[in-house]
Amino acid sequence: MKRISERIFYIGVNDDDKVLFEGLWPIPVGVSYNSYVVADEKVALIDTVESGFEEEFIANIEEAIGDRQIDYLVVNHMEPDHSSLIAYMQGRYPGLKIVANAKTVPMLKGYYGVSEEDVLVMPEGGELSLGSCTLKFYMVPMVHWPETMVTWLEEEGTLFSGDAFGTFGSIDEDVIDDDGTFEQFRDEMTRYYACIVGKYGIPVQTALKKLGGLPIKRVCSTHGPVWEKNIPAVVDLYDKMSRYEVERGVCIVYGSMYGNTAAAADALAMELDALGVPYAIHDLAGNNAGELGLSGALRDVFRYDTIVVGSPTYNNGIYPPVETFMKALQARLIKDRRFYAFGSYTWAGASVRLLNEYAASLNFELLGDGLSFPQAYTREKVDMATVAKMLA
Ligand SMILES: Cc1cc2nc3c(=O)[nH]c(=O)nc-3n(C[C@H](O)[C@H](O)[C@H](O)COP(=O)(O)O)c2cc1C
Ligand SMILES: [Fe+2]
Ligand SMILES: [Fe+2]
């Protein structure tokens, strides 16, 4: 528990045990599920945390408000990392009213059997007085689900933003950001956005425009630190990512069964290094434990303007983990990127051609036909020095 202001308390938890967020995305530095109490004449809870943390959650609540009743539970977002303790909270705090928008009502019933009488349905711009302060609700559809809304507390200049401005990474006891906190979380915020919200650039832009006029002094997201000092940097990063804005640099992404495509990828990285070109390299085949794999690759797709993909030919196709990556680019509507493909085959190469077809479907700028090479990588066969110069 951490007191954020006169009325606001942080009552979220860190999850340092989960290996894969959504069963997909590695979280080597954990994640936090944030929940908040606004304690006024009435007490409102903003979202809950994931199930499994009941004890810690209740201890945090009791540390914040003792044995006071909770009057309202505001449900900004129904993804179970925030909603899965709703029924538990109803059981624990009889009389608790759930505050949600109309789109949320059937989801509340479907997930947790919540009956409509227990829900105070809020329209866009609806208000709920807690006594000396008032909560106001704005819809932000598809950030990250269609029912998602944010909650604005005017008297505190505080935006409870749901997954927007969220990041992977556990947070320390201070909860509130410091000068260096943005830099500390930048990579994990980018990776979170790329993996979780990256498909919804246009809705994020719509939400940013809608909320842009609010005099925001504090952002309380559902994942990561509470932002006070770094709000311009955090908003700027989300703005850039949702506009697919990138910097010059190369994201090398490859998969390899027997190391030949991998050797070519490493050779390209060395050449880029020698030329001083910023780059990142990601192995999708899971050969190296602890690597971020697909999630790291997607992070750097949201960072660099050039994507170079390596895949061996596999049953006349693209090596499956690399194809998953290409589909992930399509799903995220990635645009305005330069592209180059390479890979090893043995009897009839197909992967490079197919990768180029994916890239063409995304309107990427193809930087050449690519480099499809038979069998082993050698310097003579696979001229990555020339490729690196072209990418620079
Ligand atoms: C299951 C499997 C399927 C393959 N399918 C093809 C194929 O359709 N065409 C081809 O030319 N080579 C095929 N190959 C050969 C690989 O492309 C070749 O071994 C390549 O050098 C592997 O690159 P790597 O060392 O980067 O994994 C296949 C290999 C395996 C193991
Ligand atoms: Fe979510
Ligand atoms: Fe979430």
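User: Which residue forms a salt bridge with Glu156, and how far apart are the closest N and O atoms?

Analyst: A salt bridge is a side-chain nitrogen of Lys or Arg within 4 Å of a carboxyl oxygen of Asp or Glu. Here Glu156 pairs with Arg218, with the closest N and O atoms 3.5 Å apart. Note that this is a predicted model: local features need pLDDT of at least 70, side-chain atom pairs count only at pLDDT 80 or more, and totals for chains, interfaces and linings use all residues. Residues are numbered from 1 along each chain as its sequence is written, chains are lettered from A and ligands numbered from 1 in the order written, and side-chain values use heavy atoms, without hydrogens and water.

User: Where do Glu156 and Arg218 sit in the chain?

Analyst: Helices (H or I, at least four residues) and strands (E, at least two) are DSSP runs, numbered from the N terminus. Glu156 is in the loop between β14 (149-153) and β15, and Arg218 is in strand β16. The two are 62 residues apart, so the pair links distant parts of the chain.

User: Are Glu156 and Arg218 buried or exposed?

Analyst: Buried means under 20% relative accessible area, exposed over 50%, and partly exposed in between (1.4 Å probe, protein chains only). Both Glu156 and Arg218 are buried. They also belong to a salt-bridge network with Arg7, Asp40 and Glu228.

User: Which residues coordinate the iron ion (ligand 3)?

Analyst: Donors are N, O and S atoms within 2.8 Å of the metal (3.2 Å for Na, K and Ca); water is not among the atoms, so sites may look incomplete. For ligand 3, the donors are Asp81 (OD), His82 (NE2), Asp163 (OD) and His223 (NE2), at 2.1 to 2.3 Å.

User: What is the geometry of the site of the iron ion (ligand 3)?

Analyst: Four donors count as tetrahedral if all angles lie between 85 and 135 degrees. Four count as square planar, and six as octahedral, if opposite donors are over 155 degrees apart and all others between 65 and 115; anything else is irregular. The four donor atoms of ligand 3 give angles of 85 to 171°, and the site is irregular.

User: Which residue bridges the iron ion (ligand 2) and the iron ion (ligand 3)?

Analyst: Asp163 does, and the ions lie 3.5 Å apart. Asp163 is buried, at 1% relative accessibility. The other donors of ligand 2 are His77 (NE2), Glu79 (OE) and His144 (ND1). Its four donor atoms subtend angles of 83 to 159°, so this arrangement is irregular.
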